[in-house]
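Me: I've got a new model open and I'd like to learn how to read it feature by feature. Can you walk me through it?

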Amino acid sequence: MIVAVMAMAGLQSCNYNSLVEKQQDVEQKWAEVENQYQRRSDLIPNLVATVKGYASHESETLEKVTQARAKATSITIDPTNMTEEDIERFQQTQGELSSALKSLLAVTEAYPDLKANENFRDLQVQLEGTENRITVARQSYTTSVADYNTAIKKFPTNIYAGWFGFDLKPQFKAAEGAAQAPKVEF
């Protein structure tokens with residue numbers, strides 16, 4: 001009987017430690033997601049300033065980008081207790097910023113001197129690279145969350161995961177309408 005209790009305690013300890021590691025991995029991966037979004041946010045003032053020099057009468061577009069950036073950077077999430085609503089709100093504000101950036105880049109098409117500007121081209125390349133990094137960081141986070149959520153749902157871990165406060169972590173979800181292909185007309 002004593003041996004069985006000790007064996008069970010040892011097994012739970014190992015699983016507990018494994019869950020702690022998985023939880024820490026999720027939190028680290030979330031930090032990387034935030035880091036990449038912050039990198040994008042840090043590029044925006046320079047991009048706006050460069051565009052403003054060439055397209056100052058596009059003030060509405062520039063203002064929208066600035067406002068979207070301010071809104072996106074105001075959202076902070078504690079990875080230890082984030083919820084689906086937190087992720088959704090974060091994703092919505094980042095989506096608004098992405099949309100504003102797309103509008104800004106579309107406006108720049110009308111300014112050949114701006115497109116030829118070396119600073120603008122460098123910022124655009126950095127922004128594109130950062131968007132790729134965001135995608136990679138989100139995928140890494142998603143994989144880590146799936147691993148963690150699977151671990152706390154498996155038997156016998158599911159019995160005591162709740163006792164120790166190991167709750168499901170939220171995932172990113174596709175934006176509304178993302179499943180439908182855009183309609184292209186010529």
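Me: Let's start with one side chain: is Tyr 16 buried, partly exposed or exposed?

Reply: Keep in mind that this is a predicted model. For burial, look at relative accessible area: under 20% is buried, over 50% is exposed, and partly exposed is in between. Tyr 16 has a relative accessible area of 31%, so it is partly exposed. You'll find Tyr 16 in helix H1, which covers residues 2–54.

Me: Which nonpolar surface patch does Tyr 16 belong to?

Reply: Tyr 16 forms a patch on the surface with Phe 155, Ile 159, Trp 163 and Phe 164. Together they have about 610 Å² of accessible area. For the chain as a whole, about 11,600 Å² is exposed, and carbon and sulfur atoms supply 54% of that.

Me: Phe 155 makes me curious about the backbone there. What kind of peptide bond joins Phe 155 and Pro 156?

Reply: The general idea is that most peptide bonds are trans. The bond between Phe 155 and Pro 156 is cis, with omega at about 5°. As for location, Pro 156 sits in the loop between helix H5 (118–153) and helix H6 (157–161).

Me: Back to H1. Which residues does Asn 15 touch, leaving aside its neighbours within four places in sequence?

Reply: A contact here is heavy atoms within 4.5 Å. On that basis Asn 15 is in contact with Thr 157 and Tyr 160. Asn 15 and Tyr 160 are 145 residues apart in sequence, while their C-alpha atoms are 9.6 Å apart in space. Asn 15 itself lies in helix H1, and it counts as partly exposed because its relative accessibility is 22%.

Me: How much of the contact map is long-range like that?

Reply: Take the contacts in the chain with a separation of 6 or more: 79% of them are between residues 24 or more positions apart. The secondary structure comes to 6 helices and 0 strands, so from the N terminus on the elements read α-α-α-α-α-α, by the DSSP runs.

Me: How do I check a helix, say H3? What end-to-end span should it have?

Reply: Use 1.5 Å a residue: the 25 residues of H3 should span 36 Å, and the end C-alpha atoms are 36 Å apart, which agrees.

Me: And which residues of H3 are buried?

Reply: Among them are Ile 87, Phe 90, Leu 97, Leu 101 and Leu 104, along with polar ones including Asp 86, Gln 91 and Gln 94. For scale, buried residues make up 33% of the 186 residues in the chain.

Me: Let's zoom in on a buried polar one. What does the side chain of Gln 94 pair with?

Reply: It makes a polar contact of 2.5 Å with the side chain of Arg 40. Gln 94 lies in helix H3 and has a relative accessible area of 6%, so it is buried. Leaving aside its neighbours within four places in sequence, Gln 94 is in contact with Tyr 37, Arg 40 and Ala 72.

Me: One more from that helix: why does Val 107 count as buried?

Reply: The cut-off is under 20%, and Val 107 counts as buried because its relative accessibility is 17%. Val 107 is found in helix H3, residues 84–108. Beyond its neighbours within four places in sequence, Val 107 is in contact with Glu 58 and Thr 61. Val 107 and Glu 58 are 49 residues apart in sequence, yet 7.9 Å apart in space, C-alpha to C-alpha.

Methods: Residues numbered from 1 in each chain as written. Predicted model: local features only at pLDDT ≥ 70, side-chain atom pairs only at ≥ 80, totals over all residues. Heavy atoms only, no water. Helix = DSSP H or I, 4+ residues; strand = E, 2+ residues; numbered from the N terminus. Buried < 20%, exposed > 50% of the residue type's maximum accessible area, 1.4 Å probe, protein only. Patch = residues over 30% accessible without salt bridge, like charges linked within 9 Å, V, L, I, M, F, W, Y side chains within 5 Å. Areas by Shrake-Rupley, 256 points an atom, 1.4 Å probe, with all protein chains shown as cover. Salt bridge = Lys/Arg side-chain N within 4 Å of Asp/Glu carboxyl O. Expected span 1.5 Å × (residues − 1). Polar contact = N/O pair within 3.5 Å; in protein donor to acceptor, adjacent residues only side chain to side chain.
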